[in-house]
Structures are given as structure tokens and as C-alpha cells.
Amino acid sequence: MSTEPSLDLPPARQARSRLTRRRILEAGTALLEEGGTEALTVAAVASRAGVSVGSVYRRFGDKDRLVAALQRDMIDRFRADILRRFAPQRTEPTALVASAVAGLTETYQAHERLMRVFLAAGATDPAVARVGSEAAIDADHVFRRFLEPILPMVDAPEPELRLDVVYRLIYGTCQNRVLYGELFESDRSLTWRQLTDELVDVACLYLLGVPAQRPPGPGM
């Protein structure tokens, strides 16, 4: 089933169709964030988006296809956010590592409510899990490509393996926090910012043998 307007539609109708599709996706996203997959019904999405039930069915089919479209939409936005955040102000190795680590943690934090829904759904739905795995592997490739300039500085027999291990560490840590919160595995409170700073130090020490370089605080 195609979810895009036909190319032979007049431009005004194409624009309206794209706007309707976006409203449906935004309504579905809001419902998932508020109540998970149980709150997502075609009727509820139509009501929230201000469109007819038929409009939802014509564009997305049944609930399973709508959930799949919402997951793809979240993944597209997640990937765009990672690429936007991977923008170092400096090019020294520790700055590149810090940008990569923070790019991942900050993106997870920005999308944690919706991510939690799909992580939980993936535990029982193989289709959701498969798409989630594809997205995670794609993010790994983006992460490693971004850090390719530091590979000659990684003192290890397999520097590419170390990049992969760092990604796995950050990925697993972020997913655990998204699913269970900050106090699930430890009673020590740790904000996303504190967690990011510590992960940056871990990554810099493991990859480069030095801690991250942070600007001095006031009075230093």
C-alpha cells in the first residue's frame, strides 16, 4: 500500500495530502507518548488529527501498519537529530569523541518517551524489534564513520572494534535508562548531563588513553 500521494494529483491536492499524512503521524505519536500502543486506535488517531477514519485507513491501512509508519517516522527524526548533533566545534580527538557520545545520549533523551514505547513493543513484536535493530545498526555506522579520523590514534590491535564497543556501551546504557529510568540499576541519582559527561570520559580513556578536555570552570 502506497502512503504517498500520486504524482498525477494536482499540486494543491498533493500538498493537502502530505499535510493530512503529517497530521495523522503527529496525532499517532502523541497518543503513543501518552498511553502506549494500547491508546493507539485508528478512531483515536482520526479524532486527534481532525480527519475521518477513512483517511487514516486509506493512507496507512490497519493499526499494525500505522504503528510501523510511526516507528519509521520516529527513526527518521532520530537519525536526523544524530546527524545534526554530530557537529564538533573543535577537531581535536577528544572533542570528536565528546561530540559523538553526546550526540547519541542527547538524541535518546530528546526521544525517550516515544523510544520507550517501541522498545517495550519490540520485546513482544518481532517486526518492531527487527526495524529497531536495523535503526540501531545504522546509528552504529553513522557513529563509527564520524569517529574514523581518530582511528590512527587508538592504540589497540583492532581500533574499529573499540569504536564498536564504545557504541554498544552508550547504546545499552541509553536504552536501559529510557526503559527503566535513572535509578533502576543503582540508587545513585545521575542526570542525563552527568551520565553523558561520565560516558565521554570513559570513551576518551578507552579510545585515546586520556580523559576528555573540558573548559575550566569559573575562577579557574
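**Salt bridges in an all-helix model**

Okay, let's start with one pair: the side chains of Glu-106 and Arg-85 come together in a salt bridge, 3.6 Å from N to O. By salt bridge I mean a side-chain nitrogen of Lys or Arg within 4 Å of a carboxyl oxygen of Asp or Glu. Glu-106 sits in helix α5 (residues 93-110) and Arg-85 in helix α4, so this pair ties together parts that are 21 residues apart in sequence.

Before I go on, a word on what we're looking at. This is a predicted model, where local features need pLDDT of at least 70 and side-chain atom pairs count only at pLDDT 80 or more, while totals for chains, interfaces and linings use all residues. Residues are numbered from 1 along each chain as its sequence is written, and side-chain values use heavy atoms, with hydrogens and water left out.

Now the overall picture. How many helices and strands does the protein chain have? Nine helices and zero strands. Helices here are DSSP runs of H or I, at least four residues, and strands are runs of E, at least two, numbered from the N terminus. The C-alpha trace spans about 60 × 45 × 40 Å along its principal axes. Of the 220 residues in the protein chain, 41% are buried. Buried means under 20% relative accessible area, exposed means over 50%, and partly exposed is in between, using a 1.4 Å probe and protein chains only.

Contacts are worth a look too, meaning heavy atoms within 4.5 Å. If you take those between residues at least 6 apart in sequence, 63% join residues at least 24 apart.

Back to our first pair. Are its two residues buried, exposed or partly exposed? Glu-106 is partly exposed at 26% relative accessible area, and Arg-85 is partly exposed as well, at 22%. They also belong to something bigger than a pair: Asp-81, Arg-84, Arg-85, Glu-106, Arg-193 and Asp-197 are linked in a network of salt bridges.

How many salt bridges does the count come to? It comes to 14. Let me show you two others.

One joins Asp-138 and Arg-79, at 2.5 Å from N to O. This pair links distant parts of the chain, with Asp-138 in helix α7 (residues 126-146) and Arg-79 in helix α4 (residues 63-85), 59 residues apart. Asp-138 is partly exposed, with a relative accessible area of 26%, and Arg-79 is partly exposed at 32%.

The other joins Arg-168 and Asp-164, at 2.7 Å from N to O. Here the partners are four residues apart in helix α8 (residues 159-180), so about one helical turn separates them. The two ends have quite a contrast in cover: Arg-168 is exposed at 58% relative accessible area, whereas Asp-164 counts as buried at 14%.

Last stop, away from the charges: Ala-212. Where is Ala-212 found? Look in the segment after α9 (192-208). At 15% relative accessibility, Ala-212 counts as buried. What does Ala-212 touch, leaving out residues up to four places away in sequence? Thr-94, Val-200, Asp-201 and Cys-204. Take Asp-201 from that list: Ala-212 is 11 residues from Asp-201 in sequence, and their C-alpha atoms are 5.3 Å apart in space.

So, if you have the model open, try finding Glu-106 and Arg-85 in their salt bridge, then look for Asp-81, Arg-84, Arg-193 and Asp-197, which are among the residues of that network.
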